[in-house]
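Good morning, and thank you for making time for this presentation. Please take a moment with the sequence and the model before I begin.

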2 protein chains.
Amino acid sequence: MQITSRLTVAAHTLAVIEYFKDKNKTTSDFIASSVGVNPVVIRRILLQLKDAGFIDVARGSGGATLKKRPEEITLLDIYRAVDCVEEGALFHFHENPNPDCPVGSRIHAALDGYLLQAQQAMENSLNSVTLRDVLNHFSA
Amino acid sequence: MQITSRLTVAAHTLAVIEYFKDKNKTTSDFIASSVGVNPVVIRRILLQLKDAGFIDVARGSGGATLKKRPEEITLLDIYRAVDCVEEGALFHFHENPNPDCPVGSRIHAALDGYLLQAQQAMENSLNSVTLRDVLNHFSA
DNA sequence: ATAGATGTAATCAGAAAGGTTACAACAATA
DNA sequence: TATTGTTGTAACCTTTCTGATTACATCTAT
């Protein structure tokens, strides 16, 4: 089981929007051909990025543009915008531990803190990287 | 999308094995009733924990016992033993970025390092917690 | 021999992702 | 104002992955 590719697709999408901002109109078709997925998949992600306030999408005429500066958008922001994980919980807990068992009744409390720590360690790492950092890989 | 509950089920399983070691025979049925899942699910996980060298499982007579001390087993060890994530890659990368696009051809290289860092931050956190730490929540 | 377990295959249902088609709504422009 | 190219969005499909469940051969202690 892996975290959905929406994160990498969304990051790729934002990179395309910025990289081609002066060269091409970045329509869902254009982005889709760079990412290698169906345009509708891109449109769905564009909606999520728009809802998050990262981009503007032009109805009618078409094309997306960044609304924030690349250094203001982190991988964690993107990760959250595209709902990579249900209810923000990375680890899925089995749902019916036996409340009448001394272990079953306390296993949730015993593990939750550690699991949350691990999740936050991951999120902190994602939060330390901005879209600018990613774009820097395309300049040279 | 979330990480499979096999991690929490396996941790729960090991906790039961240790907690009840002098009180009960910890068969797959017994463990299953504490965890709240089907006994076959437990047996499959017992096999993985056995393959990892954490436990012995008695055929015939039944019951599982720890083979290592609880302080020698970390949550990361368990996480890896039960294959929570395919090929060790937490993030799923979209598979067909366009090699003829300046962004598509380099997006993998641009993101991989950051994603790996985030994954390792999570794994390091899991690695800092042992089964002993978890068991301590059941002593008081 | 028997009884109680484990090991393991086979099958099923449900969830989630992504692919795809289709089309209404929209905005620029000819 | 009609056309054209896009976006927004619904609907449906396929694939994949869990975990549930049934079934049974195998094993071991008694």
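By class, the surface near DNA strand D has 8 nonpolar, 10 polar and 8 charged residues. In this scheme Ala, Val, Leu, Ile, Met, Phe, Trp, Tyr, Cys and Pro are nonpolar, Asp, Glu, Lys and Arg are charged, and the others, Gly among them, are polar. I should say at once that this is a predicted model, in which local features need pLDDT of at least 70 and side-chain atom pairs count only at pLDDT 80 or more, while totals for chains, interfaces and linings use all residues. Residues are numbered from 1 along each chain as its sequence is written, chains are lettered from A and ligands numbered from 1 in the order in which they are written, and side-chain values use heavy atoms, with hydrogens and water left out.

Let me stay with strand D. In total, 26 residues surround DNA strand D, and the closest are A:Ser28, A:Arg43, A:Gly60, B:Ser5 and B:Val41; a residue is near a strand if one of its heavy atoms lies within 4 Å of it. Of the atoms of DNA strand D that come within 4 Å of the protein, 60% belong to sugar and phosphate.

Which side chains approach a phosphate oxygen of DNA strand D? A:Ser28 has a side-chain N or O atom 2.6 Å from one, A:Lys50 places a polar side-chain atom 2.9 Å from one, and B:Thr4 does so at 3.0 Å. For reference, a polar contact is a pair of N or O atoms within 3.5 Å; within protein, one must be able to donate a hydrogen and the other to accept it, and residues adjacent in sequence count only if both atoms are side-chain atoms.

Helix H3 (39–51) of chain A and helix H3 (39–51) of chain B each supply at least two residues of this surface near DNA strand D, and H3(A) gives the most, with 5 residues. Helices here are DSSP runs of H or I with at least four residues, numbered from the N terminus.

I turn to DNA strand C. It has 27 residues around it, of which A:Ser5, A:Val41, B:Ser28, B:Arg43 and B:Gly60 come nearest. Sugar and phosphate make up 63% of the atoms of DNA strand C that come within 4 Å of the protein. A:Thr4 has a polar side-chain atom 2.9 Å from a phosphate oxygen of DNA strand C, and B:Lys50 has one at 2.9 Å from a phosphate oxygen as well. With B:Arg59, a polar side-chain atom lies 3.1 Å from a base oxygen of DNA strand C. The largest share of the surface near DNA strand C, 5 residues, comes from H3(B).

Finally, the two protein chains. Their contact, meaning heavy atoms within 4.5 Å, takes 55 residues from chain A and 55 residues from chain B. The area buried between them is about 5,000 Å², with 65% from carbon and sulfur atoms; buried area is the accessible area (1.4 Å probe) that two parts lose on being put together, summed over both. A:Met1, A:Gln2 and A:Tyr114 supply 16% of the area that chain A buries against chain B, more than any other three residues.

Between chain A and chain B there are 20 residue pairs in polar contact, both at pLDDT 80 or more. H5(A) provides the largest share of the side of chain A that touches chain B, 12 residues. That side has 36 nonpolar, 16 polar and 3 charged residues.
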